[in-house]
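Okay, thanks everyone, let's get going. I'll put the structure up and then walk you through it.

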Amino acid sequence: MVIQWFPGHMAKATREVKEKLKLVDIVFELVDARCPLSSHNMYLDEVVKDKKKIIIFNKIDLCDRTETAKWKNYFEKKGYTVVYTDAKNGNNLNKVIDKAKEELAEKIARQVAKGIKPRAIRSMVIGVPNVGKSTFINKLIKKNVANTANKPGVTKKQQWLKLNKDIELLDTPGILMPKFDNQEIGKKLSLIGSIKDDITPLDDVSLYLIELLKQSYLENMNNLYKIDVTADDENVFIMEKIADKRFKKIGGDYDYDYDSTIKLLIQDFRTQKFGLITLDNYNDMINEEVSNEN
Ligand code: G4P
């Protein structure tokens, strides 16, 4: 079973984002710092066109900083502005505002030179599900505005939240899924909770997680489950080792409780039991990108 994608949903979401984009000067794209490339919408540039864009590596508190720093460098080399945030704890959020002002300073200066009084910068947040868009918006608002309660009579539709006198934020984020033809991206999006579990082959996802852990975070996995596997061991063999440690056999000697082990692995990833890890391995993916292009 492969992770299915629904073009109808994507087309609708993209249309909605395009409509909203007409209203803004700058876009904040939130990605998950544990997989900045896989959770980034590579087709967004076509949609965003001439708008300024800042990529926000959110959930920075959960990632392997060394690996994620390579991705920051990668995006910066491509001309993006990258900001790290931990929206849950409200860390570094005002840096996003500062960067937005920097990005638009030239445009504002041109307006001023023409005698136009610049209006507030208008911004919006977009990203795949579960990267922290709502948390980011709520925390940013709390940080910057004492009272954001909806005023009676103000329509809920397309409400602008004032971050300070210079910058406004559209109150609802845009949800945009990446087009992925690569199943590995689908599996990572599943691990970070962007794709619903009920349309995902969780057995494949958990075996893939074992593969990623085996390649880059073998010790973390061995320590968590008190096993002693090596990178040469087969993924199914590793799963059986974990099953053997954690669950009773269902029937005979080789009747491992695969279902519980699959759930456990995914849950352990989502509750950070493996420690700080980054799923997008820079060297692997960049080699892959090159080999795909050839
Ligand atoms: P979305 O709008 O993009 O779909 O994401 P949302 O804000 O709903 O956040 C999804 C989950 O990610 C939430 O956890 C939220 O608390 C968490 N989150 C957001 N930003 C960060 C961050 O920078 N670091 C960490 N560690 N977590 C972050 P949840 O489990 O769904 O809810 P809860 O545990 O907060 O109640």
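**A walk through the model**

Let me begin at G127, which is buried, with a relative accessible area of 3%. Before I go on, please keep in mind that this is a predicted model. So where does G127 sit? You'll find G127 in strand β4, which runs over residues 121–127. If we skip the neighbours within four places in sequence, G127 touches L30, K133, G174, I175 and L176. Take I175 from that list: I175 is 48 residues away from G127 along the chain, yet the two C-alpha atoms are 5.4 Å apart. And G127 counts as buried because its relative accessible area of 3% falls under the 20% cut-off.

Okay, confidence. The protein chain has a mean pLDDT of 88, with 89% of its residues at 70 or more. The stretch to watch is residues 146–156, where pLDDT drops below 50, and which has 5 contacts in the model beyond near neighbours in sequence.

Now the overall picture. How many helices and strands are there in the protein chain? We have 11 helices and 7 strands. The protein chain has 294 residues, and 46% of them count as buried. Among contacts with a separation of 6 or more, 70% are between residues 24 or more positions apart. As for the outside, the accessible surface of the protein chain is about 15,600 Å², and carbon and sulfur atoms hold 49% of that.

On to the ligand, which I guess is what you came for. Which residues come nearest to the ligand? There are 14 residues around the ligand, and the nearest are D61, A87, K133, S134 and T135. Sorted by type, that shell has 4 nonpolar, 5 polar and 5 charged residues. Helix α5, residues 133–144, gives the most to the shell, with 3 residues. You may remember K133 from a minute ago, as one of the contacts of G127.

For the polar distances, let me go through three ligand oxygens pairs, one at a time. With K59, a ligand oxygen atom is 3.0 Å from an N or O atom of the side chain. With D86, an oxygen atom of the ligand is 3.2 Å from a side-chain N or O atom. With K88 the partner is a polar backbone atom, and the distance to a ligand oxygen is 3.5 Å. As for coverage, the ligand on its own has 710 Å² of accessible area, and the protein covers 64% of it.

K59 also leads us to D32. Setting aside neighbours within four places in sequence, D32 is in contact with S39, N58, K59, V131 and I192. D32 lies in strand β1, residues 26–32. Is D32 buried or exposed? Buried, with a relative accessible area of 0%. The side chain of D32 also makes a polar contact with the side chain of R34, at 2.7 Å.

Last stop, L191, in helix α6, residues 183–191. L191 is buried as well, with a relative accessible area of 0%. Beyond the neighbours within four places in sequence, the contacts of L191 are V205, L209, I266, F269, R270 and L279. Q267 is 76 residues from L191 along the chain, and their C-alpha atoms are separated by 9.0 Å.

That's my tour, so over to you for questions.

Note on methods
Residues are numbered from 1 along each chain as its sequence is written. This is a predicted model: local features need pLDDT of at least 70, side-chain atom pairs count only at pLDDT 80 or more; totals for chains, interfaces and linings use all residues. Side-chain values use heavy atoms; hydrogens and water are left out. pLDDT is the predictor's confidence in each residue, from 0 to 100. Contact means heavy atoms within 4.5 Å. A residue is near a molecule or strand if one of its heavy atoms lies within 4 Å of it. A polar contact is a pair of N or O atoms within 3.5 Å; within protein, one must be able to donate a hydrogen and the other to accept it, and residues adjacent in sequence count only if both atoms are side-chain atoms. Accessible areas come from the Shrake-Rupley method with a 1.4 Å probe; for residues, only the protein chains shown count as cover. Helices (H or I, at least four residues) and strands (E, at least two) are DSSP runs, numbered from the N terminus. Ala, Val, Leu, Ile, Met, Phe, Trp, Tyr, Cys and Pro count as nonpolar, Asp, Glu, Lys and Arg as charged, and the others, Gly among them, as polar. Buried means under 20% relative accessible area, exposed over 50%, partly exposed in between (1.4 Å probe, protein chains only).
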